[in-house]
Amino acid sequence: MDFEHFFKDRLQELKDEGNYRVFIDLERRQGAFPEAQQTEGGTRRDVKIWCSNDYLGMGQCPEVLAAMHEALDTSGAGAGGTRNISGTTHAHVLLEEELADLHGKEAALLFTSGYVSNWAAIGTLAAKIPGLIVFSDSLNHASMIEGIRHSRAEKVIWKHNDVNDLRAKLAAAPANAPKMIAFESVYSMDGDIAPIKEICDAADEFGAMTYLDEVHAVGLYGPRGGGIAEREGLMDRLTVIEGTLGKAFGVVGGYIAASAPLCDFVRSFASGFIFTTALPPVVAAGALASVRHLKASQSERILQKERVADVRAQLDLLGIPHIMNPSHIIPIIVGDPVKCKFISDALLEEFGIYIQPINYPTVPKGTERLRITPGPVHSPTDIKQLVEALGTLWERCKIARRTSAAQ
């Protein structure tokens, strides 16, 4: 087989479909985010980032940076091993205690990323609990799907956010079979929010454990940034809450928060935890400072909500279609992969605005979009420039506009 020819053919198919992904070489400007510099062909240019998952700009927070500098000077660069073999530093211990407190749980367990935390935790629980059936929301993240697949446990997929369908599928399963309901709070592509209370009610009725992915909600919602479950007073009803340190907390890493025995069980049996080098202490220290800051500070969350509302209002004035949802994520639907990539490229080349196109397989074909994440770091001037640029390109691409903001 000509392997290189095979690789090139498949890549060309992606390019022809408009689904080939290109990395943009960026260097964020510390203290001035969302400003960054793009390097291309040996030249550099100023750009503004509108699609970052650093939702609150905490990657630039002086407290976070100071904590990381101090940890670097104190502990050096890396952790030096897995958590079991010399890689557990005091920063890791403090961060796990802080995360457990954030979610009102007995314990927490750190992983190297949110992806790994889902894959390892779900995969371990589903594989090790005899006869467990996993009831998975149809739009769950790839990391959750991979964890279920890796476990080889029986899985049942229920319609997205449809509690009636979930209840019907729970009722159809053997009454004595152990069950887990796996779902997210904020879904990152449409920005919709799960009916957590109703899902917990169904779990209680059918004796199921619950596994909630809060990666797009931690730091952003609730009085201390504990997520949607904290905002709605439901944390105590959830068996496992999973989160990330790489989005609103502005650093990197993932975690679960749950009972002490459950976290110890995953710690003891999850290969994705046992055989992975621990997060560097400098990262753990930065995340610790970020979590502590957002537990006490409301200003970032308040300003973010104002910026999101402002962007939505200005998009409505121009009739640019975006999915209405109750979260901080604004998906602007283009509906064509080639046009979506063209708009993304033109925003960058002509206006210095960076928004990565979201195409298949991340979203279904025909729903290609620009996913905008306004934050407290974006100014009113930034918003005005963004919306005016989108209006210009919308006209150029002959894409339909809304006739009213209510559509």
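# Helix packing, cavities and odd backbone spots

The crossing of α3 and α11 is left-handed. That is one detail of a predicted model, and the exercises below work outwards from it.

**Exercise 1. Work out how α3 and α11 run relative to each other, and list what each helix brings to the contact.**

Step one: get the geometry. Helix α3 covers residues 90–102, and its axis sits 9 Å from that of α11, at a packing angle of about 30°.

Step two: turn the angle into a word. Angles under 35 degrees count as roughly parallel, so α3 is roughly parallel to α11.

Step three: collect the residues. From α3 come A91, H92, L94, L95, E98, L99, D101 and L102, and from α11 come P281, A284, A285, A287, L288, V291, R292 and K295.

Step four: sort them. The α3–α11 contact holds 11 nonpolar, one polar and four charged residues.

**Exercise 2. Do the same for α2 against α11: which direction, which hand, which residues?**

Step one: the axes of α2 (residues 62–75) and α11 (residues 281–296) are 8 Å apart, and the packing angle is about 150°. With anything over 145 counted as roughly antiparallel, α2 is therefore roughly antiparallel to α11.

Step two: check the hand. Here α2 passes α11 in a right-handed crossing.

Step three: name the partners. On the α2 side you'll find E63, V64, A67, M68, A71, L72 and S75; they meet P281, V282, V283, A285, G286, A289, S290 and H293 of α11. By class that's 10 nonpolar, four polar and one charged residues.

Step four: put the two contacts together. P281 and A285 of α11 turn up in the contact with α3 and again in the one with α2.

**Exercise 3. Describe the packing of α12 with α14.**

Step one: α12 spans residues 299–318 and α14 spans residues 380–396; their axes come within 10 Å and cross at roughly 30°. So α12 is roughly parallel to α14, and the crossing is right-handed.

Step two: list the contact. α12 supplies R307, D310, V311, Q314, L315 and L318, while α14 supplies P380, I383, K384, V387, L390 and G391.

Step three: the class split is seven nonpolar, two polar and three charged.

**Exercise 4. How many cavities of 30 Å³ or more does a search of the whole structure find, and what lines them?**

Step one: count. There are two.

Step two: take the largest cavity, at about 90 Å³. Its lining is R83, H92, L110, F111, T112, G272, F273, T276, T277, A278 and L279. Two elements, β4 (107–111) and α10 (271–274), each give two or more residues to this lining. Sorted by class, the lining has five nonpolar, five polar and one charged residues. H92 is worth a second look: it lines this cavity and is also one of the α3 residues that contact α11.

Step three: move to the second largest cavity, with a volume of about 40 Å³. F33, I49, S52, D54, Y55, T373, P374, G375, V377 and H378 form its lining, which splits into five nonpolar, four polar and one charged.

**Exercise 5. Find where the cis peptide bonds of F33–P34 and Y360–P361 sit, and where R152 with its positive phi is placed.**

Step one: recall the background. Most residues other than glycine have a negative phi, and most peptide bonds are trans.

Step two: start with F33, a lining residue of the second largest cavity. A cis bond links F33 to P34, with omega about 25°, and P34 belongs to the loop between β1 (26–28) and β2 (35–40).

Step three: next, Y360 and P361 are joined by a cis bond with omega about 10°. P361 is in the loop between β13 (357–358) and β14 (369–372).

Step four: finish with R152. Its phi is near 65°, positive although the residue is not glycine. R152 is in the loop between α5 (142–151) and β6 (154–158).

Methods: Residues numbered from 1 in each chain as written. Predicted model: local features only at pLDDT ≥ 70, side-chain atom pairs only at ≥ 80, totals over all residues. Heavy atoms only, no water. 1 Å grid on protein atoms, 1.4 Å probe; cavity = no way out; pocket = protein on both sides within 12 Å on 5 of 7 lines; lining within 4 Å. Points joined across faces, edges and corners; volume = space filled by probe spheres on them. Helix = DSSP H or I, 4+ residues; strand = E, 2+ residues; numbered from the N terminus. Nonpolar A, V, L, I, M, F, W, Y, C, P; charged D, E, K, R; others polar. Axes fitted to C-alpha atoms, helices over the stretch in contact; angles between N-to-C directions. Parallel < 35°, antiparallel > 145°, perpendicular 65-115°, else oblique. Left-handed = near helix turned anticlockwise from the far one by under 90°. Contact = heavy atoms within 4.5 Å.
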